[in-house]
Amino acid sequence: DMFNPTAVAIADSNNRRVERAASDFDVRQVFVASWLWEVPRVRRWGWVGRSLLDGLQANGIMRADSGTAFTVTSGRDSNFDGNTNDRPDWAGDPSLPRDRTRDQQILKYFNTAAFKAAPDGTIGNVGRSILYGPGSVSFNLGLFKKFRVTERHSVQFRAELFNAFNHTNLSNPNAGMNNTNFGRILGSAGARVVQFGLKYAF
């Protein structure tokens with residue numbers, strides 16, 4: 001039920017206006033590039049040309065984005081509506097220097113001292129989706145080779161790599177003030193995945 005306060009992370013079920021903000025999956029900058037290269041018909045170099053190069057195809061998709069929005073919550077029911085989705089009050093600037101190392105960002109992605117518990121009877125003045133997590137970069141690559149069996153039959157070998165360069169894409173940090181890991185990044189997106197396949201066409 002979309003109006004069930006336990007089903008959605010709203011701070012005050014009687015005041016939806018305070019939830020007006022960027023969506024939880026908002027990404028401000030996204031760059032995507034794709035490419036496809038197919039070797040032209042090879043009629044030279046003997047067996048190497050006919051068997052290894054002819055029908056060879058390579059493709060890829062590269063995506064880079066600036067990170068998704070997330071919401072800091074207090075973990076308390078400060079407005080006494082039965083839910084612990086309430087947000088804290090501002091106490092300072094949540095930003096930290098941008099030239100910090102990756103290890104420093106993992107240990108403390110934002111300034112946790114910028115938030116304080118809201119007084120009883122309030123929901124806190126920190127908005128929803130006010131911070132953005134780490135950006136990500138991913139390359140997916142594919143190499144396909146077609147082997148002709150007869151005039152109408154062929155076999156295609158497929159090698160596909162997802163996150164081909166095994167780049168570490170950090171997850172959003174823990175955003176619950178009542179959690180001992182508040183402000184820390186505890187996970188990352190998947191590592192490289194390689195899969196092979198054969199497709200028979202007739």
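**Exercise 1. Decide whether Arg128 is buried or exposed.**

Solution. Buried stands for under 20% relative accessible area, exposed for over 50%, and partly exposed for the range in between (1.4 Å probe, protein chains only). Arg128 has 18% relative accessibility and therefore counts as buried. This is a predicted model, in which local features need pLDDT of at least 70, side-chain atom pairs count only at pLDDT 80 or more, and totals for chains, interfaces and linings use all residues. Residues are numbered from 1 along each chain as its sequence is written, and side-chain values use heavy atoms, with hydrogens and water left out.

**Exercise 2. Find the salt-bridge partners of Arg128 and place them in the chain.**

Solution. A salt bridge requires a side-chain nitrogen of Lys or Arg within 4 Å of a carboxyl oxygen of Asp or Glu. Helices (H or I, at least four residues) and strands (E, at least two) are DSSP runs, numbered from the N terminus.

- Step 1. Glu19 is one partner of Arg128, with 3.8 Å between the closest N and O atoms. Arg128 lies in the loop between strand 5 (115-116) and strand 6 (131-132), and Glu19 in the segment before strand 1 (30-38), so this salt bridge ties together parts that are 109 residues apart in sequence. Both Arg128 and Glu19 are buried.
- Step 2. Asp24 also forms a salt bridge with Arg128, at 3.1 Å from N to O. Asp24 belongs to the segment before strand 1, and 104 residues separate it from Arg128.
- Step 3. A network of salt bridges links Glu19, Asp24, Arg87 and Arg128. The whole structure has 7 salt bridges.

**Exercise 3. Compare the burial of the two residues in the salt bridge between Arg28 and Asp26.**

Solution. The closest N and O atoms of this pair are 2.6 Å apart. Arg28 has a relative accessible area of 54% and is therefore exposed. Asp26, at 18%, is buried.

**Exercise 4. Describe the surroundings of Ala22.**

Solution. Ala22 is in the segment before strand 1. Contact means heavy atoms within 4.5 Å. Not counting residues up to four places away in sequence, Ala22 touches Arg28, Arg128, Ser129 and Tyr132. Its C-alpha atom is 9.8 Å from that of Thr68, which is 46 residues away along the chain.

**Exercise 5. Trace the pairing of strands 7, 8 and 9.**

Solution. Two strands pair if DSSP finds at least two bridges between them.

- Step 1. Strand 7 (residues 136-148) and strand 8 (residues 154-162) are antiparallel, with 8 bridges. They form a hairpin with 5 residues between them. Lys145 stands opposite Phe157 in strand 8.
- Step 2. Strand 8 also pairs with strand 9 in the antiparallel sense, over 9 bridges. In this pairing Leu161 is opposite Val194.

**Exercise 6. Identify the nonpolar surface patch and the strand that gives the most to it.**

Solution. Patches consist of residues with over 30% relative accessible area and no salt bridge; like charges are joined within 9 Å, nonpolar side chains (Val, Leu, Ile, Met, Phe, Trp, Tyr) within 5 Å. Accessible areas come from the Shrake-Rupley method with a 1.4 Å probe, and for residues only the protein chains shown count as cover.

- Step 1. Phe147, Phe157, Val194, Phe196 and Leu198 make a nonpolar patch of about 520 Å².
- Step 2. Strand 9 (residues 193-201) gives the most, with 3 residues.
- Step 3. Leu198 lies in strand 9. Its relative accessibility is 67%, so Leu198 counts as exposed.
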